[in-house]
Every structure is written in C-alpha cells, then in structure tokens.
Amino acid sequence: MPFHLRYKRGTAMSVVEITGRAFAEQAQEVVRVIRARTREHGDKRLLIDLTDVDGTLGPREHQALGLLAARFLSHLERMASLVPEDKITRVSEAAAQGQGLQLKVFTDLTGAVNWLVQPSSS
C-alpha cells in the first residue's frame with residue numbers, strides 16, 4: 001500500500017492524516033476505511049489532512065475522489081480536506097457538493113478547523 005492513514009478522534013471533530021503517494025488506485029479502499037472509523041465513533045465532522053501526500057492527481061481523479069467521498073461519507077455533517085496550496089483544484093469539492101456532501105478544501109489548517117467547528121446554520 002503506497003499510503004499510510006492515521007485516525008485521531010477529537011471532541012469537536014476527528015482528523016485523518018494520509019501520507020505517502022497519491023492514491024487514486026486505492027481511493028475507494030481509503031474512503032471505506034475512513035467510513036468505518038467515522039461510523040464506529042459516531043463522528044459528524046472530519047478533517048482529512050492530505051498535506052503529506054506526494055504526487056499529483058488529474059481533474060478526473062479529483063472528481064472521482066469527490067464522488068467517492070459523497071457516496072461513502074454522507075453520514076458526516078461537514079468534511080474538510082487540507083491540501084498544499086500548489087495542489088488545490090476544488091474539483092473534488094465541487095463534485096462532492098454536487099452530491100450533497102458539505103465538503104470544503106482548504107490550504108490552511110486554521111481556516112479548515114474554524115469552518116469545521118462553527119455551528120451549522122439551519
């Protein structure tokens with residue numbers, strides 16, 4: 001497996017850190033692991049830290065990731081992903097939001113955390 005996943009549970013949100021090579025081939029496996037962990041613990045808000053992922057994915061792979069997130073992580077109220085500034089495309093964000101998942105992509109940790117912990121507007 002070219003990636004490593006670490007899950008940390010918190011009170012306001014949980015964090016998944018992914019390190020290693022860009023993982024388009026194993027994206028579904030990664031998302032299924034995240035789904036199992038977040039469901040097991042009843043998580044509602046999640047930060048996925050992708051800042052230590054090496055390599056770059058194309059627009060189709062980003063779109064596929066957004067659709068996978070929407071398919072497997074719809075039980076979450078909010079999900080943020082953290083990426084390096086030179087890798088932000090917002091393609092996964094648009095794909096996930098198009099399917100109803102509240103996913104936002106950030107390049108700074110503070111912005112991601114602030115968005116995740118703010119109360120939902122009803």
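Here are some numbered notes on how this chain is put together, from its sheet to its cores and salt bridges.

1. **Before you start.** Keep in mind that this is a predicted model. Residue numbers count from 1 along the chain.

2. **The sheet.** A good place to begin is the open sheet, which has 5 strands in the order β1-β2-β3-β4-β5. Its pairing is mixed. Which strands sit at the edges? They are β1 and β5, each of which pairs on one side only. Going from one strand to the next, the twist averages 15°.

3. **From β1 to β2.** These two strands run antiparallel, with 6 bridges joining them. A hairpin of 5 residues takes the chain from β1 to β2. If you want a pair to look for on screen, find Tyr7, which stands opposite Val16 in β2.

4. **From β2 to β3.** Now the direction changes: β2 and β3 run parallel, and 7 bridges join them. Val16 turns up again here, standing opposite Ile48 in β3. So you can step across the sheet from Tyr7 to Val16 and on to Ile48.

5. **From β3 to β4.** This pair is parallel too, joined by 5 bridges. Carry on from Ile48 and you reach Ser81, which stands opposite Ile48 in β4. Another pair to look for is Arg45 with Arg78, since Arg45 stands opposite Arg78 in β4. How does the chain get from β3 to β4? It crosses through α2, and this β-α-β crossover is right-handed.

6. **How enclosed is β3?** Of the 10 residues in β3, 7 are buried, so this strand is largely enclosed by the rest of the structure. Helix α1 is part of the picture on this sheet: α1 lies across β1, β2 and β3. Relative to β1, α1 runs at about 15°.

7. **The largest nonpolar core.** How many residues does this core have? It has 27, and those with the most contacts inside it are Val16, Ile18, Ile34, Ile48, Leu73 and Met79. You have already met Val16 and Ile48 as partners across β2 and β3. The elements giving two or more residues to the core are β1 (3-8), β2 (14-21), α1 (27-41), β3 (45-54), α2 (59-72) and β5 (103-106). The largest share, 5 residues, comes from α2.

8. **Met79 and a second core.** Try clicking on Met79 and looking at what surrounds it. Leaving aside neighbours within four places in sequence, Met79 is in contact with a list of residues that includes Leu46, Ile48, Ala69, Leu73, Leu103 and Trp115. Trp115 belongs to a second, separate core of 9 residues, which also includes Met13, Val15 and Leu82.

9. **Salt bridges, part one.** The structure holds 5 salt bridges. As a reminder, side chains of opposite charge can pair when their charged atoms come close. Take Glu17 and Lys8, whose side chains meet in a salt bridge at 3.0 Å, N to O. Buried or partly exposed? Glu17 is partly exposed, with a relative accessible area of 21%, and Lys8 also counts as partly exposed, at 36%. Add Arg6 and you have a network of salt bridges linking Arg6, Lys8 and Glu17.

10. **Salt bridges, part two.** Arg45 forms a salt bridge with Glu77, and their closest N and O atoms are 3.2 Å apart. This one links distant parts of the chain: Arg45 is in strand β3, while Glu77 is in the loop between α2 and β4 (78-82), 32 residues apart. Arg45 is buried, with a relative accessible area of 12%, whereas Glu77 counts as partly exposed at 38%.

11. **Salt bridges, part three.** Arg90 and Glu93 also meet through their side chains, at 3.1 Å from N to O. Here Arg90 counts as partly exposed, at 41% relative accessibility, and Glu93 is buried, at 10%.

12. **A last look at Arg78.** Arg78 lies in strand β4, and you saw it opposite Arg45 above. Is this charged residue buried or exposed? Arg78 is buried, because its relative accessible area is 8% and buried means under 20%. Arg78 and Lys44 are 34 residues apart in sequence, yet 6.7 Å apart in space, C-alpha to C-alpha.

Methods. Predicted model: local features only at pLDDT ≥ 70, side-chain atom pairs only at ≥ 80, totals over all residues. Heavy atoms only, no water. Core = buried A, V, L, I, M, F, W, Y, C linked by side-chain atoms within 4.5 Å. Buried < 20%, exposed > 50% of the residue type's maximum accessible area, 1.4 Å probe, protein only. Helix = DSSP H or I, 4+ residues; strand = E, 2+ residues; numbered from the N terminus. Contact = heavy atoms within 4.5 Å. Salt bridge = Lys/Arg side-chain N within 4 Å of Asp/Glu carboxyl O. Pairing = 2+ DSSP bridges. Axes fitted to C-alpha atoms, helices over the stretch in contact; angles between N-to-C directions. Right-handed = clockwise from strand over helix to strand, strands pointing away.
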